[in-house]
Amino acid sequence: MTASTQPGGEPATRQASGDAPGSDPGNTRILIALVTAVFGYSLMQTVVVPALRLLERELDTTPTWSAWILSAFLLSSAVLTPLLGRMGDLYGRRRVMTAVLVAYAAGMVGAALAQNIGQLIAARVVQGAALAVVPLSMAILREALPRGRLPFAMGLVSGIVGAGGGTGLVVGGLLADHLSWRYLFVLGALLATISLLMVLRWVPASRHTVTGRLDLPGAALLGLSLVAVLLALTQGPSWGWTSASVLGLFALGALLFAVLLVVERGRREALVDVGELADRPMLVTHVAALLFGAGSYFFYLAMPLLAQQDPGRRGRHGPTRCRRARDPRPSG
């Protein structure tokens with residue numbers, strides 16, 4: 001504890017660095033702004049899933065092209081997030097988060113106004129940049145909050161990612177059933193705009209930046225490898241999982257990722273920390289996170305689509321009722 005004297009001469013006691021009181025309203029506002037931004041992103045991860053069949057019909061497209069509504073978002077997120085995180089270190093995290101939220105809002109407006117599947121997929125690519133709000137938020141919290149509040153704040157942000165994904169499934173079904181699929185993206189634009197205003201108002205500018213460069217070769221190799229794998233996964237049902245094209249894309253993705261590891265091993269400012277992958281506990285953690293994420297997305301995607309299939313005499317469920325497949329609890 002260190003003592004100080006207030007202007008009136010009355011001694012005041014403040015805690016040492018890192019243990020400042022948790023009731024500081026400025027810290028609370030920072031946390032609220034960042035949690036709102038993360039919730040807006042996590043909600044929009046899954047809000048389109050219950051409406052995929054509806055989008056396929058409304059935009060007069062095929063299941064293969066409608067699958068890119070999700071795949072384009074995931075691909076963009078995977079490629080852009082490491083780059084945007086690095087840019088946050090170099091140019092300031094608040095500045096980069098502001099730019100991300102502006103792009104996110106623009107992508108939402110573009111999706112709401114889309115007239116065909118190509119325009120919607122392009123808008124989803126822009127929206128994918130929003131995944132960067134998660135690591136940027138955690139970095140801002142580590143810099144702005146006292147140590148005593150960090151465990152709660154980090155846990156809250158992490159929990160909001162999962163809660164938002166689950167909420168998006170229900171909200172997406174309700175909006176698609178009772179209003180229009182365009183309102184899915186109107187909601188996203190509103191959340192992005194509110195988050196942007198809160199960040200501009202309450203989140204302080206970064207006090208520390210680093211020097212260095214962006215790893216553009218690493219980003220290109222990572223992007224191309226992910227494109228190959230996602231293209232194989234998306235086209236597999238129509239081309240055939242054992243077709244030469246699909247197997248070739250999987251092989252190309254693996255080859256490009258292997259080249260990425262070799263290139264990154266010798267770079268000082270690598271996009272992928274190869275040394276971390278060689279550490280057994282970290283490798284196990286990454287593999288577990290990958291399996292959990294893949295399983296969650298399969299559950300999010302497969303169950304609503306399965307529930308909306310035509311089951312014969314009983315009729316097809318709409319986007320709202322498909323949520324019962326994910327929530328078997330009795331309603332009464």
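## Arg 93 and the helices around it

At 15% relative accessibility, Arg 93 counts as buried, since the cut-off for that label is under 20%. Keep in mind that this is a predicted model. The partner of Arg 93 across the fold is Glu 143: their side chains meet in a salt bridge, 3.8 Å from N to O. That pair ties together distant parts of the chain, with Arg 93 in helix 4 and Glu 143 in helix 6, 50 residues apart. Both of these residues are buried.

Arg 93 has another partner too. Asp 89 forms a salt bridge with Arg 93, and here the closest N and O atoms are 3.0 Å apart. Asp 89 comes out as partly exposed, at 25% relative accessibility. Put together, Asp 89, Arg 93 and Glu 143 make a linked network of salt bridges.

How many salt bridges turn up in a search of the whole structure? The search finds three. Here they are:

| Salt bridge | N to O distance |
|---|---|
| Arg 53 and Glu 56 | 3.3 Å |
| Asp 89 and Arg 93 | 3.0 Å |
| Arg 93 and Glu 143 | 3.8 Å |

The Arg 53 and Glu 56 pair sits in helix 2, where the two residues are three apart and so separated by about one helical turn. As a general point, an α-helix has 3.6 residues a turn, so residues three or four places apart point the same way. Arg 53 is partly exposed at 25% relative accessibility, while Glu 56 is buried at 16%.

Back to helix 4. With 20 residues at 1.5 Å a residue, helix 4 should span 28 Å, and its end C-alpha atoms are indeed 28 Å apart. Its buried residues include Arg 93, Val 96, Met 97, Val 100, Leu 101, Tyr 104 and Met 108. And what covers them? The cover includes helix 1, helix 3, helix 5, helix 6 and helix 8.

Met 97 also shows up in the largest nonpolar core, which has 63 residues; Met 97, Leu 120, Val 133, Leu 141, Leu 184 and Phe 185 have the most contacts inside it. Helices 1 through 8 each supply at least two residues of this core. Apart from it lies another core, of eight residues, among them Leu 221, Leu 222, Leu 271 and Val 272.

Leu 184 is worth a closer look. Leaving aside residues up to four places away in sequence, Leu 184 touches Met 44, Val 47, Val 48, Ala 51, Gly 172, Leu 175 and Ala 176.

Tyr 183 belongs to helix 8. Is Tyr 183 buried or partly exposed? With a relative accessible area of 41%, Tyr 183 is partly exposed. Tyr 183 joins Leu 179, Val 186, Leu 190 and Ile 194 in a nonpolar surface patch, with about 460 Å² of accessible area together.

Zooming out, the protein has 12 helices and two strands. Along the sequence, the pattern reads β-β-α-α-α-α-α-α-α-α-α-α-α-α. Of the 332 residues, 42% are buried. Among contacts between residues at least 6 apart in sequence, 75% join residues at least 24 apart. The accessible surface comes to about 17,500 Å², and 64% of that belongs to carbon and sulfur atoms.

How values were computed:
Residues are numbered from 1 along each chain as its sequence is written. This is a predicted model: local features need pLDDT of at least 70, side-chain atom pairs count only at pLDDT 80 or more; totals for chains, interfaces and linings use all residues. Side-chain values use heavy atoms; hydrogens and water are left out. A nonpolar core is a set of buried Ala, Val, Leu, Ile, Met, Phe, Trp, Tyr and Cys residues joined through side-chain atoms within 4.5 Å. Buried means under 20% relative accessible area, exposed over 50%, partly exposed in between (1.4 Å probe, protein chains only). Helices (H or I, at least four residues) and strands (E, at least two) are DSSP runs, numbered from the N terminus. Contact means heavy atoms within 4.5 Å. Patches are made of residues with over 30% relative accessible area and no salt bridge: like charges are joined within 9 Å, nonpolar side chains (Val, Leu, Ile, Met, Phe, Trp, Tyr) within 5 Å. Accessible areas come from the Shrake-Rupley method with a 1.4 Å probe; for residues, only the protein chains shown count as cover. A salt bridge is a side-chain nitrogen of Lys or Arg within 4 Å of a carboxyl oxygen of Asp or Glu. The expected span of a helix is 1.5 Å times one less than its number of residues.
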